[in-house]
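Colleague: Could you take me through one part of this model in some detail? I would like to start from a single residue and work outwards from there.

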Amino acid sequence: MISLNEIFDNYGRKARLFPAFLVASPLIALAATYTPLFEFGVVHLMWVIVVSAALYLLADLARRQGKSVEKSLTAQWGGYPSKLMLRHSDETVDAHTKQRYHDRAEALIEGINLPSPDEEQANPKEADAKYESVVRYLLAHTRDSPKFALLLKENTAYGFRRNLYGLRSAGLAMLFGCFCFVTYNSLDVLLIGELPEPPAIYLLIAYLVSGILWLALVTASSVRDAADEYARQLLTSLEML
């Protein structure tokens, strides 16, 4: 039997599969609630196959949607945080630490001379091109997971939040659809002014709470927070190379 480890690596499981599972979880809970326990037949086997295939497709969708929202978010931010933090005009990293990063980058990357504050101000486009070159160098030389374990952890956290934000609309739509199904299935009880009995009432409460959490926690600002942490750790790796 094929395991998840063979299909997804650690990054894939946490940054792609987990967001996909969160989107599909209302439907999985619905199927589990309305499927008799201890009666495993052909229909149930089909459910397992369909859900497994859906999770794989949703994981791929998470990656594509994550990349899509990343483009719009970085356009709003003015670029990737790792590039922004190398700018003299950006105050996220203190000036002394930033100068160390600049000096280390010039020592590591042949032929690159990073701009001074005045040069950056005079030609910001050229300065950004050099900062982007530094970031590309770091991305290419920090793939040794054991050595850069913390960087991988921050990258995974960023990927999870980015991909989950990319699936935000799908997650809310799934919750709404399942909520409507349970409500319709309990309509005869609701029409006489009574609350549905368990497990229907538990599902409705869970769906409402989940919707609030999606709206409150899955936001552009949460993606930016993770992106900033990843950028800080990426720049810190300059002193580890």
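Modeller: Happy to, and please keep in mind that this is a predicted model. Let us start with aspartate 225, which has a relative accessible area of 46% and therefore counts as partly exposed, since that class lies between the 20% limit for buried and the 50% limit for exposed. Aspartate 225 sits in helix α12. This helix covers residues 220–236, 17 residues in total. From the first C-alpha of α12 to the last the reach is 24 Å, close to the 24 Å expected at 1.5 Å a residue.

Several other residues of α12 are buried, among them Ala226, Ala227 and Asp228. Further along α12, Tyr230, Ala231, Gln233, Leu234 and Leu235 are also buried, as are Ser222 and Val223.

Now to a contact across the chain. The C-alpha atom of aspartate 225 is 8.4 Å from that of tyrosine 158, although 67 residues separate the two along the chain. Tyr158 is one of the buried residues of α8; the others are Leu151, Glu154, Thr156, Gly159, Arg162, Asn163, Leu164 and Gly166. Helix α8 has 18 residues, so at 1.5 Å a residue it should span 26 Å, and the 25 Å between its end C-alpha atoms agrees with that.

Both helices also take part in the largest pocket, whose volume is about 760 Å³. Among the 28 residues lining this pocket, Lys67, Leu139, Arg143, Asn155 and Tyr230 are the closest to its centre. Two or more lining residues come from each of α2 (10–33), α3 (42–77), α4 (81–84), α7 (124–141), α8 (149–166) and α12. Of these, α8 gives the most, with 5 residues.

For a look at the surface, turn to helix α11, residues 200–217, where valine 209 is found. Valine 209 has 43% relative accessibility, so it counts as partly exposed. Together with Ile205, Leu213 and Leu217, Val209 forms a nonpolar patch on the surface, and the four share about 360 Å² of accessible area.

To put these parts in the setting of the whole chain: there are 12 helices and 0 strands. Of the 241 residues in the chain, 36% are buried.

How values were computed: Residues numbered from 1 in each chain as written. Predicted model: local features only at pLDDT ≥ 70, side-chain atom pairs only at ≥ 80, totals over all residues. Heavy atoms only, no water. Helix = DSSP H or I, 4+ residues; strand = E, 2+ residues; numbered from the N terminus. Expected span 1.5 Å × (residues − 1). Buried < 20%, exposed > 50% of the residue type's maximum accessible area, 1.4 Å probe, protein only. Patch = residues over 30% accessible without salt bridge, like charges linked within 9 Å, V, L, I, M, F, W, Y side chains within 5 Å. Areas by Shrake-Rupley, 256 points an atom, 1.4 Å probe, with all protein chains shown as cover. Salt bridge = Lys/Arg side-chain N within 4 Å of Asp/Glu carboxyl O. 1 Å grid on protein atoms, 1.4 Å probe; cavity = no way out; pocket = protein on both sides within 12 Å on 5 of 7 lines; lining within 4 Å. Points joined across faces, edges and corners; volume = space filled by probe spheres on them.
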